[in-house]
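Please open the model in your viewer and keep the selection panel at hand. The tour starts with the whole chain and ends at a single residue.

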Amino acid sequence: MKKMRSILKISLLMAIFFQFSCTTKTPADLTQTAFIPKPVSVTATGGDFEISGTTIIYIQDGLQQTGAYLSGAIEKISGFTPEIVATKEAPANGIYLSLSASSPDLGEEGYEMTIGKKLITISATSPAGCFNGIQTLLQTMPVKAPAREKLHIPTGEIRDFPEYAYRGAMLDVGRHFFSVEEVKQFIDYMAMYKLNALHIGLTNDQGWRIEIKSWPKLSEIGGSTEVGGGPGGFYTQEQYSELVKYAQDRNITIIPEIDMPGHTNAALASYAELNCDGKARDLYTGIEVGFSTLCTGKEITYQFIDDVFGELAALTPGEYIHIGGDESHATPLEDYIPFVNRVQQIVLKHGKKVVGWDEIANATLVENSAVQFWDNVKNTTMALEQGAKVVISPAKKAYLDMQYDSTSTFGLHWAGYIEVDTGYNWEPLEQVPGIKKEQIVGIEAALWTETVSNMDEVEYLVFPRLPGYAEISWAAPNTRNWDEYKVRLGKQNKRFDALEIDYFPSARVPWEE
Ligand code: TNX
């Protein structure tokens, strides 16, 4: 009887317990959130912050844009649009964005975030740092929640700062044109992972994509087609400025590239006088490289470059202009070197720093220039010897247009296949013998578009590799480990699905059910 009673008692207790545990949501553990890139430190405090229709975003001076971005992001997720209120003092509840961070090791882009039960504080030394904190906060939320249902954020503390100041991706809009809306989509993908540099390849043999008012035929003729013979396109200066602003609002600087002296067939087709023989070239819609060159011995070539860089510099708030310089197989080296030397001076004259592909190290690099290592260690070493800095973009590891494996539908494989683990498992410091961290500006993953012409195809090559490149540029080498990373990556599939991203479902990633 006694035994019977105690069994009854236990069952009753169990029933109460289950009822209780079903109605009261156990707060999630902040340390279990699958953050990418991985923050420097995360600790959990076991509670839960609720975002509801009454949540207010408090901002210090200078954070209007950052606050508006967060409010817009929360609205997209939940349907709640938090009001933005300027404040000089820390509030008691809500979300507080502040520029009062005191620890110097946060640098310009680091942040500290305290998620309490009533108040979330993100503090940094600049709006960029707050923006990065916001991206981390957004990763604690679903991409899309049921409309006007409260969001639950696990409480805790995060301290975080990047390993490299330049965390880039490149988009080639020369081979295939991508519209303003498509480039904005690409920028949004970058922002999600705290990438901050969009290198946009504005010209190539197949297309000239930026309006130059003093040379209007560049976009009229040179912009009129693309690989495969499609209609191509170009950005008016107003549209381009809209992209620059859209990127700036997401902590992304655009680095425009006008590739020269090679990869210039679209310009050579637009203006006969840019050719040594004075004859305009036919437009080109194939995918060969290395056959075109500006006429390095003609004065008008330098007038042209001066005009183009003058207009482009005026549209460019960032410090760098990319002069290309790659694969100029049709330009003899004795012409290439003085050409690059002169072009660098033109860039400086317009108040910008020079960046170019590693081949430009054959010339005499001007002070503060950077080369982009893609293939040639010897060139890159020459650049280092000249005191230049390096953007690390090894084709074998960081080319987003390389196929994943032999079954991949889009992409090329001249530099090899880059499965998701290969794309993640490498170290920037090991790409060029003897290179020191201070000599590395950062890393950049490049998407060449000979084989991709729309956003579905772009997404297939970019996802899921882009988050890995973001982590390499953000997280310290000793904190990176594929076996741990792949689990975090595997948890992104619901986010990718909710964003309708057509990612490559690599078998090497343990995707969540
Ligand atoms: C090499 S990387 C190129 C591009 C091609 C790419 C294709 C570099 C500086 N030049 O012209 O589009 O390979 O993967």
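Helices, of at least four residues, and strands, of at least two, are taken here as DSSP runs and numbered from the N terminus. With the cartoon coloured on that basis, the chain of this predicted model shows 16 helices and 17 strands.

Select next the C-alpha trace alone, which spans about 105 × 55 × 45 Å along its principal axes. How does the radius of gyration of the chain agree with that of a compact globule? For 513 residues such a globule would come near 24 Å, and the chain has 26 Å, so the two agree.

Now switch to contacts and colour them by separation in sequence: of those between residues at least 6 apart, 72% join residues at least 24 apart.

Turn on the surface, whose accessible area comes to about 21,100 Å², with 54% of it belonging to carbon and sulfur atoms. Beneath that view, buried residues account for 57% of the 513 residues in the chain.

Select the charged side chains next, where the chain carries 44 positive and 66 negative charges, and mark the mean position of each group; these two points lie 10 Å apart.

Finally, select helix α9, residues 333-349, and within that helix pick out aspartate 335. Is aspartate 335 buried, exposed or partly exposed? Its relative accessibility is 29%, and because partly exposed covers the range between under 20% and over 50%, aspartate 335 counts as partly exposed. As a last step, add tryptophan 414 to the selection and draw a distance between the C-alpha atoms: aspartate 335 and tryptophan 414 are 79 residues apart along the chain, and these atoms are separated by 28 Å.

Methods:
Residues are numbered from 1 along each chain as its sequence is written. This is a predicted model: local features need pLDDT of at least 70, side-chain atom pairs count only at pLDDT 80 or more; totals for chains, interfaces and linings use all residues. Side-chain values use heavy atoms; hydrogens and water are left out. The radius of gyration is taken over C-alpha atoms; the globule rule is 2.2 Å times the number of residues to the power 0.38. Buried means under 20% relative accessible area, exposed over 50%, partly exposed in between (1.4 Å probe, protein chains only). Contact means heavy atoms within 4.5 Å. Accessible areas come from the Shrake-Rupley method with a 1.4 Å probe; for residues, only the protein chains shown count as cover. Lys and Arg count as positive and Asp and Glu as negative; His and the chain ends are not counted. The place of a charge is taken as NZ of Lys, CZ of Arg, CG of Asp or CD of Glu.
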